[in-house]
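Work through the exercises below with the sequence and the coordinates open. Each task is followed by a solution in steps.

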Amino acid sequence: MSDFKKTGRKKNFKFKAELNQLLHLIVHSLYKHPEIFMRELISNASDALNKARFYELTKENILDPETELSIKINVNSKKKTFSIEDTGIGMTEEELVQNIGTVANSGTLNYIKQLQENGEKVDGDLIGKFGVGFYSIFMVADEVTVETRSADPDSKGFRWISDGQGSFSIEEIKKKTRGTKISFKLKKEHEEFSEDFRVISVLKKYSNFVDFPVYVNDKEENTVQALWRKNESELKEEELTEFYKFVSMDYNNPLGHLHLSMEGKVNFKALLFIPEKAPMNLFNDMNEKGLHLYSNRVFIEDAASEELLPEYLRFIKGVVDTEDLPLNVSRETTQHSPVMSKIKDIVTKKLLAMFEKWAKDDTAKYDIFYENFGQLFKTGINTDFTNRDKIMKLLRFVSTENVNGELVSLDEYVSRMNEDQKDIFYITGENRQIAERNPNLEYFRKNNIEVLFLTDPVDVFILPSLNEFDGKKLISIETSEIDISKNSDDSSEEKLNENALDSLITVFKETLGDKVKDVVESKRLVDSPATLVVDKDGMDPQMERMMRAMNQGQGPGMDQKKILEINSGHKLIKNLSTLNIANNNDIILKDSIFQLYESALLIDGNLKNPSEFIRRMTELMEKATGK
Ligand code: ADP
């Protein structure tokens with residue numbers, strides 16, 4: 001099947017051990033979608049052609065400068081063969097060994113294994129993401145031949161042959177033209193891919209917008225068109241979806257798209273997509289590719305998100321094509337180009353405007369976006385000072401008002417605020433259920449004051465930037481400084497008189513010593529006897545819990561002292577006062593004070609030594625039951 005004569009000795013290589021396992025996994029997990037091999041090969045050929053186009057612009061000498069940049073697929077239904085040939089950048093001998101003898105990403109195998117162990121699906125689109133696409137070829141072929149010559153005029157041709165069973169051979173060949181040809185005979189069960197109608201239908205499905213002509217048995221079959229250069233009204237839903245899948249390597253449809261055509265201070269066109277689903281690790285996405293940069297239709301790079309998007313929008317996929325970059329642009333110079341930062345500013349503003357529109361006109365869509373990307377998106381208020389107000393308006397929270405977990409915006413909160421309410425209140429916590437049990441909520445619940453639950457782990461990190469909205473302060477209900485002026489004091493609960501209370505507070509202070517910063521009468525408690533609050537400049541309790549979890553309780557900021565508030569209308573506090581008046585050294589009084597303090601710590605999530613707490617409780621129960 002080969003067109004090229006061998007000229008040197010054949011060398012044999014073994015695949016890396018992991019690659020064997022990976023091949024096995026690929027062949028066995030992708031068997032339902034054998035046609036994926038075509039998409040992978042076309043996408044590799046298209047990458048190689050993009051690189052050649054770039055090379056032509058930036059280097060003086062290239063092999064075959066006049067050759068058409070194209071992809072040729074040849075199938076033979078009698079011989080059951082398939083070949084794909086490109087006039088792209090080609091590979092040197094080292095590149096052959098490196099690129100298709102090793103796994104590009106060493107974490108890939110572990111990752112896939114882990115997915116399988118967790119019973120999750122390993123599908124074709126996952127495979128493409130991790131740079132192992134080439135191997136999907138072994139689903140349909142028993143033996144594969146790759147013949148290639150690098151675009152460097154001094155290069156030589158090489159042939160790579162492998163049966164995908166652990167080893168490959170490389171030999172030098174005579175090949176006049178640059179580029180790569182991959183050929184093989186189809187396995188019996190996949191002979192359909194030697195029929196041109198079948199091949200054409202797969203091509204139309206996956207790769208119709210490849211920016212180079214694709215010939216099948218010498219007939220041009222794809223409609224070459226840079227989608228982002230069309231008018232918005234010409235864009236078809238289906239086209240957009242396939243294009244999205246092509247650039248992002250995502251399996252799902254996009255949630256939405258943004259088409260930009262900007263002229264003025266900076267000129268560019270962009271077709272951007274918001275994925276529907278967040279990657280497994282949003283903050284450390286393995287797939288950084290997906291925002292492609294073109295300079296006047298010439299592909300520059302496929303991982304341009306760092307230069308073109310602020311960190312909190314790095315999940316956006318698509319294409320940016322600008323005429324304003326110098327033609328000899330290199331990947332290094334784009335990073336410092338003022339053109340790039342102008343595009344970044346505009347793209348950011350336009351995306352935020354689109355989210356605003358979704359939030360207003362299509363809340364269901366916005367909620368899906370926020371659910372998937374909110375965690376990363378909201379960190380924008382820490383980093384993007386220019387757009388901070390817009391991002392604030394786009395934040396969503398769980399709140400006491402929304403029992404079914406619907407999300408509320410700060411605008412909604414403000415619109416429902418009580419007349420005499422000056423601040424916006426929130427409480428942090430591990431989750432809503434835990435936060436709901438916090439005694440510090442009692443006052444707010446009783447007085448129908450809405451409180452936001454900040455239960456996302458990211459929330460504590462954005463708190464410092466979340467200090468104000470619409471001229472109103474955001475205040476934690478766990479601080480001592482909140483304004484509890486509207487105390488709906490239903491005098492049904494008689495409170496301790498001042499003297500008794502002062503005396504009891506003194507005993508509390510003596511007993512607890514430097515465990516607490518202060519002991520005061522509470523205005524916020526309704527049903528609970530005591531609670532802990534931090535003073536105005538103290539660390540948020542959720543931050544404290546997280547720091548403790550991270551540092552095992554060591555280090556700065558640990559053991560911050562809090563203010564213990566006691567509820568002078570509570571039966572237990574009144575009982576303690578009676579004990580106190582009789583004998584302020586009563587052992588039950590002291591034990592109860594410790595117990596109250598530690599119970600508050602326990603609810604606060606910051607009790608470090610439960611065994612002491614349990615021992616004391618057992619003792620108290622013993623006394624209560626022993627009479
Ligand atoms: P990925 O394309 O995701 O990196 P592949 O396994 O498909 O992973 O390909 C591995 C590498 O082999 C590519 O990154 C590229 O360097 C090289 N390669 C594959 N096909 C070609 C081709 N047609 N021309 C030049 N290089 C290629």
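**Two loop residues with positive phi**

Asp470 is partly exposed, with a relative accessible area of 49%; buried means under 20% relative accessible area, exposed over 50%, and partly exposed in between, with a 1.4 Å probe and protein chains only. The model is predicted, so local features need pLDDT of at least 70 and side-chain atom pairs count only at pLDDT 80 or more, while totals for chains, interfaces and linings use all residues. Residues are numbered from 1 along each chain as its sequence is written, and side-chain values use heavy atoms, with hydrogens and water left out.

*Exercise 1.* Locate Asp470 and state its phi.

Step 1. Asp470 sits in the loop between β18 (468-469) and β19. Helices (H or I, at least four residues) and strands (E, at least two) are DSSP runs, numbered from the N terminus.
Step 2. Its phi is near 55°, a positive value in a residue other than glycine.

*Exercise 2.* Do the corresponding analysis for Asn448, and decide whether Asn448 is buried or exposed.

Step 1. The loop between α16 (442-446) and β17 (451-454) contains Asn448.
Step 2. Asn448 is not a glycine, yet has a positive phi of about 50°.
Step 3. With a relative accessible area of 59%, Asn448 is exposed.

**Two buried polar residues**

*Exercise 3.* Describe the surroundings of Ser476.

Step 1. Ser476 belongs to strand β19 (residues 472-476).
Step 2. The relative accessible area of Ser476 is 6%, so this residue is buried.
Step 3. Leaving out residues up to four places away in sequence, Ser476 touches Tyr426, Ile482 and Asp540; contact means heavy atoms within 4.5 Å.
Step 4. A polar atom of the Ser476 side chain lies 3.0 Å from the backbone nitrogen of Glu478.

*Exercise 4.* Which residues are in contact with Thr348, its neighbours within four places in sequence set aside?

Step 1. Thr348 is part of helix α10 (residues 338-361).
Step 2. Its relative accessible area is 4%, so Thr348 is buried.
Step 3. The contacts of Thr348, with that exclusion, are Pro310, Tyr312, Leu313, Asp384 and Asn387.

**Two open sheets**

*Exercise 5.* Give the strand order of the sheet of three strands and find its edges.

Step 1. The order is β20-β22-β21, the sheet is open and the pairing is mixed. Two strands pair if DSSP finds at least two bridges between them.
Step 2. β20 (516-521) and β21 (530-533) are the edge strands; each has a single partner strand, so one side of each lacks a neighbour in the sheet.
Step 3. On average, neighbouring strands of this sheet are turned by 25° against each other, direction ignored. Axes are lines fitted to C-alpha atoms, for helices over the stretch in contact, and angles run from 0 to 180 degrees between N-to-C directions.
Step 4. β20 and strand β22 (residues 562-566) run parallel and are joined by five bridges.
Step 5. Within this pair, Val519 stands opposite Leu564 in β22.
Step 6. Helix α21 (residues 587-604) packs on the sheet and touches β20, β21 and β22, with its direction at about 55° to that of β21.

*Exercise 6.* Repeat the analysis for the open sheet of nine strands.

Step 1. The strands follow the order β1-β6-β5-β4-β7-β3-β2-β8-β9, with mixed pairing.
Step 2. At the edges stand β1 (11-14) and β9 (219-220), each with a single partner strand, so one side of each has no neighbour in the sheet.
Step 3. Three bridges pair strand β2 (residues 71-76) with strand β8 (residues 214-216) in the parallel sense, and Ile73 stands opposite Val216 in β8.
Step 4. α2 lies across β2, β3 (81-86) and β7 (179-186), at about 20° to β3.
Step 5. Helix α6 (residues 196-206) lies across β2, β3 and β8 and runs at about 160° to β8.

**Chain totals**

*Exercise 7.* How many helices and strands does the protein chain have, and what percentage of its residues count as buried?

Step 1. The protein chain has 22 helices and 22 strands.
Step 2. Of its 627 residues, 53% count as buried.
Step 3. Among contacts in the chain with a separation of 6 or more, 73% join residues 24 or more positions apart.

How values were computed. Polar contact = N/O pair within 3.5 Å; in protein donor to acceptor, adjacent residues only side chain to side chain.
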